[in-house]
Amino acid sequence: MMKNTLKVVLLTSMLPFAASAAQELTPWYVGGGLGVNNYEQNCDQPGTKMCGEDDPYAWDVFGGYLFNEYIGIELGYRDLGRAEWTDTNDRMYDVGASGVSLGVVGFYPLANKWSLSSEVGTFSYLLENQQPINGQKLSDSGVALFAGAGVGYNFTDNLKLQAKYRRYENLDADVLNNLKMESNYWGLELSYRFGTRVAAPVAASVAPVIAAMPGDDDKDGVTNNIDKCPNTPLTHKVDATGCSVYEFITTKHDLGGILFANDSAVIRDGSFADLEKLTDFLNKYPQHTVSVQGHASNVGKAEYNMKLSERRAVSVANALNTKYGISSSRITSVGYGVTKPAMQGNSAEANRVNRRIEAIVTGTEKRVVLR
């Protein structure tokens, strides 16, 4: 229980806040790289006489987007340099691959601004030669797969330098004597991430805080400022707004029975007083319904007694409806014959009390939940 008192909270001055950094860096970055590339198998092609002077220097430019600090996507343009060789007919061949790359990159931060990286993607390349073959320059295009790994160092939050290795597969050119190559690239890349990392302001001290707590007049655990039912009894369970909680309970009431003469379904004059009491109860609780259950004594055939008990139940149900005005939608009738005797046996007393109807009233009542 909260009391209507003044709660004073005094925080010591000169209590420093730890400076926290608010993340303002964007997920976008750009960069470029330089390196060397080695085309495998160009000197191992059938009919190769010797390799010439390669121009292995490669470069690339790229832009990327980080989904989070661990994974992103990168789009770039790459030139992998050139290679030369001569076939056994002393014809000069050369080849160079360039094109557009698209890949997924992953990062794993390490201590002291270091990180590891990995990548996998596709390289939409164009292979072409500069030395004419049969008087013309030839070219071919395709899509190769690549994978790579690297290690990086952040000079600042924005500027990162990475050492990279990439492996390219299926750099093929059918027009160049069915050239089939793989490629290995080593290089350095410098990237720039846009945005700034802004440090949160540092507070030297915190002024004393004085707060008045609202009261709880009815002591139900809900303060006055949000209590919509300010006078609930202490014994009631309440909800978040301070109002009593209710539950709905289904109850059954056995309102007694009416006896009949032997082999008769006619209501005796003395039984109407009992029907009036039943009617008064049903009028008091209009949400309740009544089941009129007929019974018979164990004299004669069971089949006949079942129908007799049904007639007795119908007789009382009709009286409730036509004589006392209870809606037929609230009344049901059923016969049980000799299956539910009030007294076992075939004595005169057992037969007398078993020739009866019973009124079972059922209703749902709203009750308050207590603590």
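**Reading one chain, feature by feature**

Biologist: Which residues does Leu259 touch, if we do not count residues up to four places away in sequence?

Modeller: Leu259 touches Arg268, Ser271, Arg352, Val353, Arg355 and Arg356 on that count. Keep in mind that we are looking at a predicted model.

Biologist: Where is Leu259 found?

Modeller: Leu259 sits in strand β14. One of its partners, Val353, is 94 residues away in sequence, yet the two C-alpha atoms are 6.8 Å apart in space.

Biologist: Is Leu259 buried, partly exposed or exposed?

Modeller: Leu259 has a relative accessible area of 28%. Buried needs a value under 20% and exposed one over 50%, so Leu259 is partly exposed.

Biologist: Now the whole chain, please. How many helices and strands does the chain have?

Modeller: The chain has three helices and 17 strands. Of its 371 residues, 37% are buried. The accessible surface comes to about 21,400 Å², and carbon and sulfur atoms hold 57% of that surface.

Biologist: What share of the contacts with a separation of 6 or more is between residues 24 or more positions apart?

Modeller: Such residues account for 66% of those contacts. The pair Leu259 and Val353 shows what a wide separation in sequence looks like, at 94 residues.

Biologist: Next, the covalent links. How many disulfides does the structure hold?

Modeller: The structure holds one disulfide. Cys229 is joined to Cys243, with 1.9 Å from S to S. You can also read its handedness: the angle about the S-S bond is 80°, and the link is right-handed.

Biologist: Which parts does this pair tie together?

Modeller: Both Cys229 and Cys243 lie in the loop between β13 (209–212) and β14 (246–259), so the link ties together parts that are 14 residues apart in sequence.

Biologist: Are the two cysteines buried or partly exposed?

Modeller: Apply the 20% limit again. Cys243 has 15% relative accessibility, so Cys243 counts as buried. Cys229 has a relative accessible area of 25%, so Cys229 is partly exposed.

Biologist: How do you look for empty space?

Modeller: Rolling a probe the size of a water molecule over the atoms shows where empty space is left. In this structure, the largest pocket has a volume of about 570 Å³.

Biologist: Which residues are the closest to the centre of the largest pocket?

Modeller: They are Glu69, Asn154, Asp157, Lys160 and Arg193, out of 26 residues that line the largest pocket. Two or more lining residues come from each of β3 (25–40), β5 (57–66), β7 (92–109), β8 (114–128), β10 (159–173) and β11 (179–195). By class, the lining of this pocket has eleven nonpolar, six polar and nine charged residues.

Biologist: How many cavities of 30 Å³ or more are there?

Modeller: The count comes to one cavity. About 40 Å³ of space lies in the largest cavity.

Biologist: Which strands supply at least two residues of the lining of the largest cavity?

Modeller: The strands are β6 (71–87), β7 and β8. The largest share, five residues, comes from β7. Residues lining the largest cavity include Glu74, Arg78, Leu102, Glu119 and Phe146. By class, the cavity lining has five nonpolar, two polar and three charged residues.

Biologist: So I can go back to the structure and find β7 at both the pocket and the cavity.

Modeller: Good plan! Then find Cys229 and Cys243, and follow the disulfide that joins them.

Definitions and conventions. Residues numbered from 1 in each chain as written. Predicted model: local features only at pLDDT ≥ 70, side-chain atom pairs only at ≥ 80, totals over all residues. Heavy atoms only, no water. Disulfide = S-S within 2.5 Å. Helix = DSSP H or I, 4+ residues; strand = E, 2+ residues; numbered from the N terminus. Buried < 20%, exposed > 50% of the residue type's maximum accessible area, 1.4 Å probe, protein only. 1 Å grid on protein atoms, 1.4 Å probe; cavity = no way out; pocket = protein on both sides within 12 Å on 5 of 7 lines; lining within 4 Å. Points joined across faces, edges and corners; volume = space filled by probe spheres on them. Nonpolar A, V, L, I, M, F, W, Y, C, P; charged D, E, K, R; others polar. Contact = heavy atoms within 4.5 Å. Areas by Shrake-Rupley, 256 points an atom, 1.4 Å probe, with all protein chains shown as cover.
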